[in-house]
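Dear colleague,

I am passing on the structure we spoke about, together with some notes on what turned up when I went through it. Please read the notes with the model open beside you.

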Amino acid sequence: MSAVFDRILTINLIANTAIFYVAAQLYLLPLVPRVRPQQILVPILLLHSTRHLGLMFLTRGATFPGMAPQFAYPAAFGDLMTAILAFTAIPLVLRNSGLAKPAVWVFNIFGTLDLLAAITFATIYNAQVAMGPAYWIPAFWVPLLLVTHYVGFVLLGRRWQL
């Protein structure tokens, strides 16, 4: 029975991704035709700028002993790199720089691949049993980040007015 309970994180991740997707469909994506992409992107970039929180996977007390380093290190440093990419894209987007859209593409592709790799490594290395207090990151945060990356791709597919 404990093997079933060890998969609750997967259920949380899938359910919350679906909930955030529905919320984006209802409240955020209807705005896309009416506003400049930059108006939606800046809050998304600010949100992703907090991904330095993924470093918690390396901190004693935030996870239980036994956290697989094959998951923890790529997840932590991938999140940190994504946070840096997001934060550095903000001034470019705000200034309508010609580099804004390429910077957002780099951030969005890297950040999405980072999340998919973290989900894969967490599954392969059974990281959920050692999540401890950091459990909220993949249960709540990752679904929100996945959906905002999706919104980012929708916006990147639109013509930008510089």
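The largest nonpolar core of this predicted model has 45 residues, and those with the most contacts inside it are Leu45, Phe57, Met67, Phe71, Val104, Met131 and Val151. At least two residues of this core come from each of helix 2, helix 3 (37–48), helix 4, helix 5 and helix 6, and helix 6 gives the most, with eleven residues. To take one member of the core as an example, Val104 is in contact with Leu41, Leu45, Ala89, Val93, Leu156 and Trp160, once its neighbours within four places in sequence are left aside.

The aromatic residues come next. A search of the whole structure finds seven aromatic pairs, and I describe two of them here. The rings of Phe20 and Phe140 have their centres 5.4 Å apart and their planes at 75°, and because an angle over 60 degrees counts as edge-to-face, that is how this pair is classed. Since Phe20 lies in helix 2 (residues 8–28) and Phe140 in helix 6 (residues 136–156), the pair ties together parts that are 120 residues apart in sequence. As for accessibility, Phe20 counts as buried, at 17% relative accessibility, whereas Phe140, at 40%, counts as partly exposed.

The other pair is formed by Trp136 and Trp141, and it is likewise edge-to-face, with 6.2 Å from centre to centre and 70° between the planes. Here Trp136 is partly exposed, with a relative accessible area of 33%, while Trp141 is buried, with a relative accessible area of 15%.

Turning to the pockets, the largest one holds about 280 Å³ of space. Its lining is made up of 19 residues, and Leu9, Leu13, Ile119, Ala122 and Pro138 are those that lie nearest its centre. Helix 2, helix 4 (69–94), helix 5 (100–124) and helix 6 each supply at least two residues of this lining, and the largest share, five residues, comes from helix 5. What is the make-up of the lining of the largest pocket by residue class? It divides into 14 nonpolar, three polar and two charged residues.

The second largest pocket has a volume of about 150 Å³, and it is lined by 13 residues, of which Phe57, Leu58, Thr59, Thr63 and Met67 lie nearest its centre. By class, eight residues of the lining of the second largest pocket are nonpolar, four are polar and one is charged. Phe57 and Met67 have already appeared among the core residues with the most contacts, and both are also among the residues nearest the centre of this pocket.

Thr63, another of the residues nearest the centre of the second largest pocket, is found in the loop between helix 3 and helix 4. Is Thr63 buried or exposed? With a relative accessible area of 11%, Thr63 is buried, and, leaving aside its neighbours within four places in sequence, Thr63 is in contact with Met56, Phe57, Ala130, Met131, Pro133 and Ala134. Gly61 also lies in the loop between helix 3 and helix 4, but Gly61 is exposed, with a relative accessible area of 59%. From C-alpha to C-alpha, Gly61 is 19 Å in space from Trp141, the two being 80 residues apart in sequence.

Finally, two backbone positions may be worth a look when you check the loops. Most residues other than glycine have a negative phi. Asn96, however, has a positive phi of about 55° although it is not a glycine; the place of Asn96 is in the loop between helix 4 and helix 5, where it is partly exposed, with a relative accessible area of 25%. Asn126 likewise is not a glycine and has a positive phi, of about 50°. Asn126 is found in the loop between helix 5 and helix 6, and at 30% relative accessibility it counts as partly exposed.

With best wishes

Technical notes. Residues numbered from 1 in each chain as written. Predicted model: local features only at pLDDT ≥ 70, side-chain atom pairs only at ≥ 80, totals over all residues. Heavy atoms only, no water. Phe/Tyr/Trp six-rings, centres within 6.5 Å; stacked < 30°, edge-to-face > 60°. Helix = DSSP H or I, 4+ residues; strand = E, 2+ residues; numbered from the N terminus. Buried < 20%, exposed > 50% of the residue type's maximum accessible area, 1.4 Å probe, protein only. 1 Å grid on protein atoms, 1.4 Å probe; cavity = no way out; pocket = protein on both sides within 12 Å on 5 of 7 lines; lining within 4 Å. Points joined across faces, edges and corners; volume = space filled by probe spheres on them. Nonpolar A, V, L, I, M, F, W, Y, C, P; charged D, E, K, R; others polar. Core = buried A, V, L, I, M, F, W, Y, C linked by side-chain atoms within 4.5 Å. Contact = heavy atoms within 4.5 Å.
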